[in-house]
Amino acid sequence: MTIADDDFDYVRRLVRERTAIVLEDGKQYLVDNRLSVLARREGLASTQEVLAVLRAAPDGPMQRKVVEAMATTETLFFRDGKPYDALRNTILPELQSRRVAERRLTFWSCACSSGQEPYSVAMLVREHFPSLATWDLRMYASDISTEMLARSRAGRYSQLEASRGLPPVFLMKYFDRAGADWQIRSELRAMIEFRELNLAGPWCAMPTMDLIMLRNVLIYFDLETKRSVLAKVRRVLRPGGYLMLGTAETTVNLDDGFELVRSDGAAYYRLRST
């Protein structure tokens, strides 16, 4: 049975108020499916029971669980390929050259989900830029979901997750067996600081960044929120730094403070010169 229209409207208002994520008309099946999974995890019989608990205590713990259940968590290692080619061949060499005097770089993976993106960057750095081991290299990753952040910090993945996008040689080199799963080795986990952050809300104090990966996030926001997030990105992106968006995302007609750069089959952005 599909979720009732009034229940769907209730959930999507809540999600938009808390995260600015827009659940469009026709997404009833998505809400029903994700709340069904949440119901099983919480020991409840149905989506309707989840909603009953939520409505009875709208500011209770179920609110966070429902909101987090609605956030898209699809990701994989080295997603889309070409952006990582650009990182390896162009972006990181340019950043290393520009910051050689200070020997400091700071990266941020926004909406990191279960952690595959920041760990992909960490593996790329270890594999192809060994000289950065002596630099002050700081890597941050953030997400709205406490569940996803816990998974990211653990760095533990099923066989299926580990096989999606990850070169087999990297699996052997940077992971250890953990029962039926694979776990990122501790030295890579130690490279990344994970933080809870709602991109659509106020941002906690962040250092200025040389690389911001905001991939496959803006597509879930309305126009006003996209512009607000990009304005905040401009304030924390260092001159000479880079912003990477998803393949279906752009700053065009949203924020004229960025200019487009292309290399290695990928498109990314830097601050426009004034």
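Here is a friendly chat about a helix pair, a cavity and a pocket in this predicted model.

Colleague: Hello! At roughly what angle do the axes of helix α5 and helix α6 cross?

Modeller: Helix α5 covers residues 82-98, and helix α6 covers residues 116-128. Their axes come within 11 Å, and the crossing angle is roughly 50°.

Colleague: Which word describes how α5 and α6 lie to each other: parallel, perpendicular or oblique?

Modeller: Angles under 35 degrees count as roughly parallel, and those from 65 to 115 as roughly perpendicular. The axes of α5 and α6 cross at roughly 50°. The two helices are therefore oblique.

Colleague: Is the crossing of α5 and α6 left-handed or right-handed, and which residues of α6 make the contact?

Modeller: The crossing is right-handed. On the α5 side, the contact is made by Y84, L87, R88 and L92. Their partners on α6 are E117, S120, V121, L124, V125 and H128.

Colleague: How many residues of the contact of α5 with α6 are nonpolar?

Modeller: Two residues of this contact are polar and two are charged. The nonpolar ones number six.

Colleague: Let's turn to the inside. How much space lies in the largest cavity?

Modeller: With a threshold of 30 Å³ or more, the count comes to one cavity. The space in the largest cavity is about 60 Å³.

Colleague: Which element gives the most residues to the lining of the largest cavity?

Modeller: The lining consists of F107, W108, S109, P118, V121, M139, Y140, L211 and M213. At least two of these residues come from each of β1 (104-109), α6, β2 (136-143) and β7 (209-214). With three residues, the element that gives the most is β1.

Colleague: How many residues in the lining of the largest cavity are nonpolar?

Modeller: No charged residue belongs to this lining, and one residue is polar. The nonpolar count is eight.

Colleague: And the second largest pocket: which residues are the closest to its centre?

Modeller: About 340 Å³ of space lies in this pocket. It is lined by 16 residues, and the closest to the centre are R41, E68, A69, E147 and M148.

Colleague: Which element supplies the largest share of that pocket's lining?

Modeller: Two or more residues come from each of α2 (28-42), α4 (61-70) and α7 (146-154). The largest share is five residues, and it comes from α2.

Colleague: Last one: how many residues lining the second largest pocket are charged?

Modeller: Five residues of the lining are nonpolar and four are polar. The charged ones number seven.

Key:
Residues numbered from 1 in each chain as written. Predicted model: local features only at pLDDT ≥ 70, side-chain atom pairs only at ≥ 80, totals over all residues. Heavy atoms only, no water. Axes fitted to C-alpha atoms, helices over the stretch in contact; angles between N-to-C directions. Helix = DSSP H or I, 4+ residues; strand = E, 2+ residues; numbered from the N terminus. Parallel < 35°, antiparallel > 145°, perpendicular 65-115°, else oblique. Left-handed = near helix turned anticlockwise from the far one by under 90°. Contact = heavy atoms within 4.5 Å. Nonpolar A, V, L, I, M, F, W, Y, C, P; charged D, E, K, R; others polar. 1 Å grid on protein atoms, 1.4 Å probe; cavity = no way out; pocket = protein on both sides within 12 Å on 5 of 7 lines; lining within 4 Å. Points joined across faces, edges and corners; volume = space filled by probe spheres on them.
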